[in-house]
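User: Please take a close look at one part of this structure, namely a place where aromatic rings come together. I should like a connected explanation suited to a first-year student.

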Amino acid sequence: MRGVGSAITLVIVISLQIILPSEGKFFNKLINLAKRNRVKRSWSYPVISIPETIDQDPPFVRKNILDITNDNPNVKTYELQNEDPTKFAIEFSAADPNAGASIWQLVGLDRDVPGGDRYIFYAVVRDAAGNELDRVTLEVAVTDRNDNTPIFDTSTLQGSVQEGVSPGTPVMTVVANDADDPNSLDKNGLVSYLLGPDAEEPPAPGGRRRFAISSTGVITVVGDLDIETAPTVNVVIIAKDGFVGSSSGRSASATATIQIRDANDNKPVFQNTPYNAKKGELLPLRSTVFTVSATDKDIDLENKGVSFEIVAGNDDNTFIVQSYPRGAGASSGDIILNKPLDYENGPKQYTLLIKGFNAQASNSDVQQFQTTETVIVNVLDENEPPVFINQPYAGNIVENDVAKPNIAFVRAQDYDFGGNQTVTYGMVSTEGWFTIATDGAISSVGPVDREHPSVNQTNSVYTLVVSAIDNYRVKATATANVAITIGDKNDNAPEPDGPWTVTICEKPPTPFVTNIKIKDLDEPQNGAPFSVSLNDNSGLWVLETVSGDPMSRSINTLTKSFDVAQQSKYEVPIIMSDGAKPPEPKLTSTNTLVINICRCEERDDGEAVCLDTYVAPGGINIVLIVAIIAALILILIIVLAVVAYRRRQQAGLEKEVLLDDDDVRENLQAYHDEGGGEEDNDGYDISALQAQPPNTGKPKVVDVQPLGGAQPEIRRPIQPDTDIGNYIGDAKQQADNDPTAPPFDSLLVFDYEGQGSDAGSLSSLNSGTTDASQDYDYLNNWGPRFKKLADMYGGGESD
């Protein structure tokens, strides 16, 4: 298409040149443009193939790889475009550019680097004005040489397979990469695989191999795998490039590590066989009869842990097995008693077939990997309580009857040790109504009471408990119940069922007073219907039946008003007789209904209540509640008063300061203001100026506390040769700097200590100022310890 377009362009240009000959320059440009677009089919070059440079080659010397020419007479220069100037260059003769140009390879080329297998660039020719006249595409193909060794992908060198798999099972695929071209003539980049000469570690038994590898790197199982002997197998793999089977080419080796996974391919083995046990027939349920143990050579818990099961000899489920599978050491199983043993009536020996298997294994049901063992359990005879036979036991008696023999019979047998033991009967019940003979005959010893609390009042049955004891050295006892039915006699008159006390208002709003309940402890045939009447002549009360309730009667009043001041309580006798049928006599009793009269007031809900007997909704008298609360308040006030008094006493004791008997200072009251005088010193407390007695354990009384956390300053002791002036100065400075030193208050120094004080005045206000008054020579009479003080103030010179 490009050639056709150029021809059309050339025709148009020629036509225009004929029509417009004056426009020569324009046509020259069009002609040149057409020439540039015209295809020169002769200016093209095939792909340039050059071999890559490898490390074993001598130092590279640049070389000419192609000569190019262009037949355009206007060509002045050649250049390359899109080339790597460090690898390729073009050279031509500027004096004779029509002679062509040469393409040079400047450095050795490595095909294995990215993009190093092919280079594409352009050769361009230009005229003197720099206009592009033509261009050609140049392609350099770098041919492969086998200069790279296969490199294993380490992530493909780890694999695992379960032991016991069939031959041909694939395990893993190893991969090695070669940077060379796998499609080259020599297949330099094509990698194939094979096993090394000593391929496996540890070696398989008998010199056989466990694994094989295909030329594509697939490792498969070809031999037996056993994790117990070889948990890990290292396989040496050789990766070789070039044609498969070729002796030339490069190769590399690596070790593939194959972990063997455990499979349940070993059956358990019972330990410490044979198994025999002897247990007494009185062994408690859930007790361990015997413990079996087994080991398994497999590794994983699901394949190594052994569970146990009784598969024969346990038809009645007398025993069960509790398994304890373990991943280390032996697994164990406890054979546990599930039903009682019976030497006399049951098997004297059990032959149990125990199966050991790996319950958690995937092939736990495969018999090949199971094992069995026999456990023989011998049952021993033990002394059991006698056995009562021919139960249940029953008898009959009438209450209040005289002693009656042979009311019932019991029988017990002892089958232990050949049935040669003697059985003795006894009574367990404590009412003392019956005795039992050596042959088991039960007799009454006197009248019995059907209405006794130990008798079931619904069915009149008394449950007598008897015992049977054998004569073994450690006696065993059995008990049995004998149901004695006691016939009823009409020996109880009707009586009140609950309290018969009621309170009504002085002016009752209705005639109704109360309902009274009646009961009879005898059986129904000796109870209701009752005959009930009032034994009262006051005419104030009337007795009526209650519809549908033969055990109750209604009491009503015939008056509308009572006088509580005249009589506040009425006791109404009521006569009651039962409805016994002959030959039983009717029994009658008289009981009293107490009716209290009170003054009432009407509550908000319209109900009238007694003022002096009103109770709270919970049934507690309101007056009683108020009295209790008042008493509690009074007790609380007394307790608080006693506590306050004792605290005040304690506070006074803590403030006391122990004084010597000769201390003439008064107990002064501290003031914090200026003023005062000699005559009011009795009102001051100077205890703050007094040192704390040692080891009293009581704090000093102060008016102003020292600073928090302040510690008393430790004063250094007086040395014998210390200058007294320095000592006084040091002591004053220590006292001034000690925040805990008294006094803490703001007491003034007064002129006198107080009227009548033996100490006299300590004030300097009226002290003398004459020489005589300042005579300190008397200090010389106080001894050598005051000599320095006398020399300082006496005016004399020391010797």
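Analyst: The following account concerns one group of aromatic rings and then turns to charged side chains placed over rings. The model is predicted. A search of the whole structure finds 14 aromatic pairs. One of them joins Phe270 and Tyr275, whose ring centres are 6.1 Å apart. The planes of Phe270 and Tyr275 make an angle of 75°, and the pair is edge-to-face. This follows because planes over 60 degrees apart count as edge-to-face.

Phe270 also pairs with Phe308, at 5.8 Å from centre to centre. Here the planes stand at 50°, so the pair is tilted. The contact links distant parts of the chain: Phe270 belongs to strand β17 (residues 269-270), Phe308 belongs to strand β20 (residues 307-312), and the two are 38 residues apart.

The accessibility of these residues can be considered next. Phe270 has a relative accessibility of 9% and therefore counts as buried, since buried means under 20% relative accessible area. Tyr275 is likewise buried, with a relative accessible area of 3%, and Phe308 counts as buried at 6% relative accessibility. Phe270, Tyr275 and Phe308 are joined by Phe290 in one aromatic cluster.

Aromatic rings are also found beneath charged side chains in this model. Arg135 lies over the face of Tyr122, at 5.4 Å from the ring centre. In another case, the charged end of Lys348 sits over the ring of Tyr343, 4.7 Å from its centre.

Notes:
Residues are numbered from 1 along each chain as its sequence is written. This is a predicted model: local features need pLDDT of at least 70, side-chain atom pairs count only at pLDDT 80 or more; totals for chains, interfaces and linings use all residues. Side-chain values use heavy atoms; hydrogens and water are left out. Rings of Phe, Tyr and Trp (its six-membered ring) pair if their centres lie within 6.5 Å; planes under 30 degrees apart count as stacked, over 60 as edge-to-face and the rest as tilted. Buried means under 20% relative accessible area, exposed over 50%, partly exposed in between (1.4 Å probe, protein chains only). Helices (H or I, at least four residues) and strands (E, at least two) are DSSP runs, numbered from the N terminus. A charge sits over a ring if NZ of Lys or CZ of Arg is within 6 Å of the ring centre and within 35 degrees of the ring normal.
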